[in-house]
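Let's take a walk through this one together. Have the sequence and the model side by side, and follow along at your own pace.

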Amino acid sequence: MSAFTHLPLFAGTTPSVVPERDTRTVPAYDPTWNVIVLNDDVNLMTYVVHVFRQVFGYDTERARRHMLEVHHQGRSIVWTGGREAAEHYAHVLQQWHLKVQLESHV
Amino acid sequence: MSEDPAPYFSKDCILARLRFSPPLRELLASIIQRVHAAPFTLPTAPVTDASAEPDPDWQAAWGDSLRERTDLDTTALDALVGDVRFGAADLPLTPVAAEAIMRASVRVRLHLRDTVLRDLKTDQIEGHLDIYRLPAAEQQGYLCYRLLAWLEEDLLHQLDPGLLRS
């Protein structure tokens, strides 16, 4: 199953055939991954809070804290965890038109 | 015994309730159509393994999925703006449609920001400018940009009333 289709946030909107990743390149250790949202001057602050609430299920206070971190510092680590879930979240955030990066965190 | 009047809309119903003149709706519709017709670069998948060769199939699947979502969202915004009642009456939306419209609206604003409004500084795009000093194309783009931002904000406050208190 594709990394970005295994959580059914947008069930039915993904392609019917999604290729599997080649797992031979995965290193023996299992690093965690940071999902990072970058600042832009188009998205509304309230919109970004809403997206964090919708995508991660954060309460308003936590979502707002991440939004302010993005706004003031240019980036915020909004989620940390396994690679497949990180890729899924990055994909969903891109559907909401947020700028996203992933970085490994060994 | 008094009874509460039955709500006209269900509590889950969101309203597109902005008011503006019909020519502005037509301008908005024409700009949105132009934006949708223009090439739109979807973001690529963030790289998770810099040591590995890029997987073109996986990248393509990532892009296809984003494009499919974006197309669905675009359809919802087109339907709203194409309705002659938009701007003159409250139009009910499901929460799912309202979120799709918001995403499509953001896409249009990002495109305007990258094209016709690319020369504006951040404080200008946020409203600190004299719109009448802008060239006609930028004026129209900016009007559309602000109108869509108001639409997003109004929908957001109905979808997520907790945002009002934050």
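Start with helix H5 of chain B, which runs over residues 136–159. Keep in mind that you're looking at a predicted model. H5(B) has 24 residues and covers 34 Å from its first C-alpha to its last, close to the 34 Å you'd expect at 1.5 Å a residue. Its buried residues include Gly141(B), Tyr142(B), Cys144(B) and Tyr145(B) towards one end of the list, and Leu151(B), Glu152(B), Leu155(B) and Leu156(B) towards the other.

That helix leads us straight to the largest nonpolar core, a set of 58 residues. H5(B) gives the most to this core, with nine residues. Which members touch the most others? They are Val35(A), Val48(A), Val51(A), Phe52(A), Tyr89(A), Leu93(A) and Ile101(B). Take Ile101(B): leaving out residues up to four places away in sequence, its contacts are Ala76(B), Leu77(B), Leu80(B), Leu93(B) and Leu155(B). Leu155(B) is one of the buried residues of H5(B), so to speak our starting point again.

Staying in chain B for a moment, where does Ala45(B) sit? Look in the loop between helix H1 (22–37) and helix H2 (56–82) of chain B. Although in a loop, Ala45(B) is buried, because 24 other C-beta atoms lie within 10 Å and 20 are enough to count. Setting aside neighbours within four places in sequence, Ala45(B) is in contact with Trp58(B), Gln59(B) and Trp62(B). Leu134(B), on the other hand, is 89 residues from Ala45(B) in sequence and 36 Å from it in space, C-alpha to C-alpha.

Now hop over to chain A. Here you'll find three helices and three strands, and reading along the sequence gives β-α-α-β-α-β. Of its 106 residues, 38% count as buried. If you take the contacts in chain A between residues at least 6 apart in sequence, 71% of them join residues at least 24 apart.

The three strands make an open sheet in the order S2-S1-S3 (chain A), with antiparallel pairing. Strands S2 (75–81) and S3 (99–105) of chain A are the edges, each pairing on one side only. From one strand to the next, the twist averages 25°. S1 of chain A, residues 32–38, pairs with S3(A) in the antiparallel sense over seven bridges. Within that pairing, Val35(A) stands opposite Leu102(A) in S3(A), and Val35(A) is also among the core residues that touch the most other members. Packed on the sheet is helix H2 (residues 60–73) of chain A, which touches S1 and S2 of chain A and makes about 135° with the direction of S2(A).

Next comes helix H1 of chain A, residues 45–56. Its twelve residues reach 16 Å from first C-alpha to last, close to the 16 Å expected at 1.5 Å a residue. Among its buried residues are Val48(A), Val51(A) and Phe52(A), three names you've already met in the core, along with His50(A) and Arg53(A). Right after H1(A) comes Gly57(A), with a positive phi near 75°.

One last stop: His97(A) has a positive phi too, about 70°, although it is not a glycine. You'll find His97(A) in the loop between helix H3 (83–95) and S3 of chain A. Is it buried or exposed? His97(A) is buried, because 25 other C-beta atoms lie within 10 Å.

Note on methods: Residues numbered from 1 in each chain as written. Chains lettered and ligands numbered in written order. Predicted model: local features only at pLDDT ≥ 70, side-chain atom pairs only at ≥ 80, totals over all residues. Pairing = 2+ DSSP bridges. Helix = DSSP H or I, 4+ residues; strand = E, 2+ residues; numbered from the N terminus. Axes fitted to C-alpha atoms, helices over the stretch in contact; angles between N-to-C directions. Contact = placed C-beta atoms within 7 Å. Expected span 1.5 Å × (residues − 1). Buried ≥ 20, exposed ≤ 12 C-beta atoms within 10 Å, placed from the backbone. Core = buried A, V, L, I, M, F, W, Y, C linked by C-beta atoms within 7 Å.
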